[in-house]
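Work through the exercises below with the sequence and the model side by side. Try each task before you read its solution.

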Amino acid sequence: MPTPAADLPVVAVVGDGQLARMMAPAASELGQSLRVLAGKPDSSAAQVTSDVFVGDYRNLDDLRSVAHGVDVITFDHEHVPLAHLRTLQAEGVNIQPGPEALENAQDKLVMRRNLEKLGVPVPAFAPITDAKTARAFWDEHDGKVCLKACRGGYDGKGVWFPESVEHLEALVDELLDEAVELLAETKVDFVGELSAMVARAPSGQVQTWPVVESVQSGGVCAEAIAPAPGISETLRRQAEQLAVTVAEKLDVTGVLAVELFYYRDATGAEQLSVNELAMRPHNTGHWSQDGCVTSQFEQHLRAVMDYPLGATEPTAAVTVMANVLGGESDPEMPMRERVRAVWQRFPQAKVHLYGKDYRPGRKMGHVNISGAVTNPGDAADANPGEAADVAEVRRQAKLAANFVVNARWDDGYTG
């Protein structure tokens, strides 16, 4: 096992996915040594990290092993048992974010209740313990019902939209038989989805990023557009302040993503409602790698080590992140040739791959493309999202990501 230089702080990341992988170059540039608790020696993060412990995040002894001698433990997912984290804290391990905060990311019912107490806008909700309580919620909210697993759901998993009260009751009976804890929420008739991201250090320093529009496909983030176009400055400020409030009141440290529904009420006024929380770098923040002064990965590592936080001003008028999701089949063209073809057509494209084998629907990477200011003389006074051709940047990013997936240009390009 490699031994970090004596003067380098050691940050241990529990989790071996793409988020931990993308922390590695940021740690190197910050003069930190990154350690990873990986489930497999060839996992996404383990491929690019020399200090790798292979183990199970659900095993307390494995967590103790990876925690030995580190300055701080952080995460690329929220699923570590809270009892283990509390034990490590009692033994003197520095854990950021702490278990009290993480419980809100692990359990949606706990999160909803705590946000409601804070006065943060959330959809109407209720725990579902049987078909009777499910029917009562359906009747109370005129059939506008979203059923969710309290724990474990992500990327569209653990979320159901019943088509009838009978369908709802059958789902509830089936899921409760499988010991799935459930809650129901009112289905929000939203105009769009936003992501407000903030970093917070243990000393209390906070720094927000520009609010991003998130475009979903099949419950999975397909695009993130930064900054979010077409929303008012008032709504933008409200979303940023809401993220700061959640981080401070729930004592979140590191990066926090607050996923929001944006809708209009009966009077036509703009409103926000919290959908999900993620207490780690997040898919909707990947744009910051290439479109911002300080990326979410660098900022997360600064925050958990209680370093001064970096500036978050955009470096481009607009940056679009398009996810590379495994298609129905894996093309014969090797991945390296697909990426080469993308760079040949779009030399400004930044392609980030996760080192993962093909699987339909799997997140295998993402593409970031930034747009230039249309009129540099107007840049200082313009809304950054409106100073470039957002539609054109989106078109390029989607074309590039789809070529990486399918080895073909969706617009018929043959050059």
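**Exercise 1. Sort the lining of the second largest pocket by residue class, then find where the lining comes from.**

Step 1. Take the classes. Ala, Val, Leu, Ile, Met, Phe, Trp, Tyr, Cys and Pro count as nonpolar; Asp, Glu, Lys and Arg count as charged; the others, Gly among them, count as polar. The lining has seven nonpolar, four polar and three charged residues.

Step 2. Know the model. It is predicted: local features need pLDDT of at least 70, side-chain atom pairs count only at pLDDT 80 or more, and totals for chains, interfaces and linings use all residues. Residues are numbered from 1 along each chain as its sequence is written, and side-chain values use heavy atoms, with hydrogens and water left out.

Step 3. Get the volume. The second largest pocket holds about 290 Å³ of space. Of its 14 lining residues, Met22, Pro25, Ala26, Gln289 and Ser295 are the closest to its centre. Helix H1 (18-30), helix H9 (288-291), helix H10 (296-304) and strand E16 (350-353) each give two or more residues to this lining. H1 gives the most, with five residues.

Step 4. Check the terms. A pocket is an open set of points on a 1 Å grid over the protein atoms alone, where a 1.4 Å probe fits, with protein on both sides within 12 Å along at least five of seven lines; lining residues have an atom within 4 Å of a point. The volume is the space filled by probe spheres set on the points, which are joined across faces, edges and corners. Helices (H or I, at least four residues) and strands (E, at least two) are DSSP runs, numbered from the N terminus.

**Exercise 2. Place Pro123: which loop holds it, and is it buried or exposed?**

Step 1. Find the loop. Pro123 sits between helix H5 (108-118) and strand E5 (125-128).

Step 2. Read the accessibility. Pro123 counts as buried because its relative accessibility is 5%. Buried means under 20% relative accessible area, exposed over 50%, and partly exposed in between (1.4 Å probe, protein chains only).

Step 3. List the neighbours. Leaving out residues up to four places away in sequence, Pro123 touches Arg112, Glu185, Thr186, Val188, Ser273 and Val274. Contact means heavy atoms within 4.5 Å.

Step 4. Link back to the pocket. From Pro123 to Ala26 is 37 Å, C-alpha to C-alpha, and 97 residues in sequence.

**Exercise 3. Draw the four-stranded sheet that contains E5.**

Step 1. Write the order. The open sheet runs E5-E8-E6-E7, with antiparallel pairing. Its edge strands, E5 and strand E7 (159-160), each pair on one side only. Two strands pair if DSSP finds at least two bridges between them.

Step 2. Join E5 to its neighbour. Four bridges link E5 with strand E8 (residues 182-186). Phe125 has Glu185 as its bridge partner in E8.

Step 3. Add the helices. H5 packs on the sheet, touching E5, strand E6 (145-149) and E8, and its direction makes about 150° with that of E5. Helix H7 (residues 165-177) lies across E5, E6, E7 and E8, at about 5° to E6. Axes are lines fitted to C-alpha atoms, for helices over the stretch in contact, and angles run from 0 to 180 degrees between N-to-C directions.

**Exercise 4. Find the partners of strand E9 (residues 192-200) and say why E9 is largely enclosed.**

Step 1. Count bridges. E9 pairs antiparallel with E11 (residues 212-217) over three bridges. Nine bridges join E9 to antiparallel strand E13 (residues 254-264). E9 also pairs antiparallel with strand E10 (residues 206-208) over three bridges.

Step 2. Match residues. Glu193 stands opposite Ser214 in E11, and its bridge partner in E13 is Phe261. Arg200 pairs with Val206 in E10.

Step 3. Look at the turn. The hairpin of E9 and E10 has five residues between the strands, and Gly204 there takes a positive phi near 110°.

Step 4. Explain the burial. Nine of the nine residues of E9 are buried, so E9 is largely enclosed by the rest of the structure. One side carries Gly192, Leu194, Ala196, Val198 and Arg200; the other carries Glu193, Ser195, Met197 and Ala199.
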